[in-house]
Amino acid sequence: MGELVPIFGMLTGIIVMTVLGITIVKVMNGPVGKALARRMGHGADGDQPFPEIEALLERVEALEHRLVETEERLEFTERLLSDPTRRIGGA
């Protein structure tokens, strides 16, 4: 009877670890695993990880460029208006 307890414990551990391993493999091969792969940046389907983020980054860069141009025009207009010796239209 004393030898039966350790054997039962080992068999229980083997069964639990096998079921746990199979469950982890199934979860990682499903949509959760693909989402985790995308999250880590590897891409689940071989595409870019987050194409919508790339598009947003490009748009932010374009808006930054437009903002710099607008600031330059504003500074030019402020200098033009603050200088009383300059006249618009050459008059």
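Biologist: Which residues make the nonpolar surface patch of about 620 Å²?

Modeller: In this predicted model, the patch draws on nonpolar side chains within 5 Å of one another. It covers about 620 Å² of the surface. Its members are M17, L20, I24, V27, M28, V32 and L36.

Biologist: Which helix supplies the largest share of the nonpolar patch?

Modeller: Two helices, α1 (4–29) and α2, each supply at least two residues of this patch. The largest share, 5 residues, comes from one of them. That helix is α1.

Biologist: Is I24 buried, exposed or partly exposed?

Modeller: I24 belongs to helix α1 and is a member of the nonpolar patch. Its relative accessible area is 46%. Because partly exposed lies between under 20% for buried and over 50% for exposed, I24 is partly exposed.

Biologist: Which residues form the negative surface patch?

Modeller: Glu and Asp count as negative, and like charges are joined within 9 Å to make a patch. The residues that form the negative patch are E69, E71, E72, E75 and E78.

Biologist: What is the relative accessibility of E71?

Modeller: E71, one of the residues of the negative patch, is found in helix α3. It counts as partly exposed because its relative accessibility is 41%.

Biologist: How many helices and how many strands does the protein have?

Modeller: From the N terminus on, the elements run α-α-α. The protein therefore has no strand among its elements, as the definition of helices and strands is applied to the whole chain. The count is 3 helices and 0 strands.

Biologist: What percentage of the residues in the protein is buried?

Modeller: The protein has 91 residues and exposes about 8,500 Å², of which carbon and sulfur atoms supply 66%. Buried residues make up 4%.

Biologist: Which helix has the highest mean pLDDT?

Modeller: The protein averages a pLDDT of 84, and 84% of the residues score at least 70. Among the elements, helix α2 (residues 31–39) has the lowest mean, 83. The highest, 92, belongs to helix α3 (residues 51–82).

Terms used: Residues are numbered from 1 along each chain as its sequence is written. This is a predicted model: local features need pLDDT of at least 70, side-chain atom pairs count only at pLDDT 80 or more; totals for chains, interfaces and linings use all residues. Side-chain values use heavy atoms; hydrogens and water are left out. pLDDT is the predictor's confidence in each residue, from 0 to 100. Helices (H or I, at least four residues) and strands (E, at least two) are DSSP runs, numbered from the N terminus. Patches are made of residues with over 30% relative accessible area and no salt bridge: like charges are joined within 9 Å, nonpolar side chains (Val, Leu, Ile, Met, Phe, Trp, Tyr) within 5 Å. Accessible areas come from the Shrake-Rupley method with a 1.4 Å probe; for residues, only the protein chains shown count as cover. A salt bridge is a side-chain nitrogen of Lys or Arg within 4 Å of a carboxyl oxygen of Asp or Glu. The place of a charge is taken as NZ of Lys, CZ of Arg, CG of Asp or CD of Glu. Buried means under 20% relative accessible area, exposed over 50%, partly exposed in between (1.4 Å probe, protein chains only).
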